[in-house]
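Subject: The structure I promised you

Hi,

Here is the structure we talked about, so please open it and keep it beside this email while you read. My notes come right after it.

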Amino acid sequence: MLESTTTIRNRTGLHARPAAELVRAASSFASDVILMHDGMATNAKNPLAVLSANVRPGAEVTVRTEGGDEEEAMAAVMACLRNLPNE
């Protein structure tokens, strides 16, 4: 299992398109991808779960990946979170 933390820096947080981009990135891997925010663990492959996490701009999130391609999944998901579009 890998774990990494980052801060959401776009203006809208994880809403609509940014959440969809995260789900798309996470879903392209076989590993489990968990997004942790405010004590909640959320399946990053589930769009409704990501939206329900209510991640606001400036929030610190932790990503956990576990599985055969966990390193690749972590790299892709962290790159996605660090480069979210400002909408």
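Below is what I found, going from the whole chain down to single residues.

One thing before you start: this is a predicted model.

**The whole chain**

Start with the ribbon view. You should be able to pick out three helices and four strands. If you walk along the sequence, they come in the order β-α-β-β-α-β-α.

How does the radius of gyration of the chain agree with that of a compact globule? For 87 residues, a compact globule would be near 12 Å, and the chain has 11 Å, so the two agree. Along its principal axes, the C-alpha trace spans about 35 × 25 × 20 Å.

Some 40% of the 87 residues count as buried. The chain exposes about 4700 Å², and 48% of that comes from carbon and sulfur atoms. As for charges, there are 8 positive and 11 negative ones, and their mean positions lie 11 Å apart.

Now a number about how the chain meets itself. Take the contacts between residues at least 6 apart in sequence: 71% of them join residues at least 24 apart. Keep that in mind for the pairs further down.

**The core**

The largest nonpolar core has 24 residues. Leu14, Leu22, Leu35, Val55, Val63 and Leu81 are the ones with the most contacts inside it. Which elements each supply at least two residues of this core? They are α1 (16-27), β2 (32-37), β4 (60-66) and α3 (70-82). Of the elements, α3 gives the most, with six residues.

Val63 is a good one to click on. Leaving out residues up to four places away in sequence, Val63 touches Leu2, Glu3, Ser4, Val33, Ile34, Leu35, Met74, Val77, Met78 and Leu81.

Met74, one of those partners of Val63, belongs to helix α3. Is Met74 buried or exposed? Its relative accessibility is 8%, and buried means under 20%, so Met74 counts as buried. With the same kind of sequence neighbours left out, that is, those up to four places away, Met74 touches Leu2, Glu3, Ser4, Val63, Arg64 and Thr65. You can also check the C-alpha atoms of Met74 and Phe29: they are 9.6 Å apart in space, while the two residues are 45 apart in sequence.

Thr6 is worth a look as well. Thr6 sits in strand β1 (residues 2-7) and is buried, with a relative accessible area of 11%. Not counting neighbours within four places in sequence, Thr6 is in contact with Ala59, Glu60, Val61, Met78, Leu81 and Arg82.

**The two ends**

Next, go to the start of the chain. Met1 lies in the segment before β1 and counts as exposed, at 58% relative accessibility. Beyond its neighbours within four places in sequence, Met1 is in contact with Arg64, Thr65, Glu66 and Glu70. Where is Thr65 relative to Met1? They are 64 residues apart in sequence, yet 5.7 Å apart from C-alpha to C-alpha.

Now jump to Asn86, in the segment after α3. Asn86 counts as partly exposed, at 45% relative accessibility. Setting aside residues up to four places away in sequence, Asn86 touches Arg9, Asn10 and Arg11. Its C-alpha atom is separated by 6.9 Å from that of Thr12, a residue 74 places away along the chain.

**Two backbone angles to check**

Most residues other than glycine have a negative phi. With that in mind, have a look at Ala16 and Asp38. Ala16 has a positive phi of about 40°, although Ala16 is not a glycine. You will find Ala16 in helix α1, and it is exposed, with a relative accessible area of 53%.

Asp38 also has a positive phi, near 50°. Where does Asp38 lie? It is in the loop between β2 and β3 (40-43). At 68% relative accessibility, Asp38 counts as exposed, because exposed means over 50%.

That's everything from my side. Have fun clicking around, and write back if anything is unclear.

Cheers

Technical notes. Residues are numbered from 1 along each chain as its sequence is written. This is a predicted model: local features need pLDDT of at least 70, side-chain atom pairs count only at pLDDT 80 or more; totals for chains, interfaces and linings use all residues. Side-chain values use heavy atoms; hydrogens and water are left out. The radius of gyration is taken over C-alpha atoms; the globule rule is 2.2 Å times the number of residues to the power 0.38. Buried means under 20% relative accessible area, exposed over 50%, partly exposed in between (1.4 Å probe, protein chains only). Contact means heavy atoms within 4.5 Å. Accessible areas come from the Shrake-Rupley method with a 1.4 Å probe; for residues, only the protein chains shown count as cover. Lys and Arg count as positive and Asp and Glu as negative; His and the chain ends are not counted. The place of a charge is taken as NZ of Lys, CZ of Arg, CG of Asp or CD of Glu. A nonpolar core is a set of buried Ala, Val, Leu, Ile, Met, Phe, Trp, Tyr and Cys residues joined through side-chain atoms within 4.5 Å.
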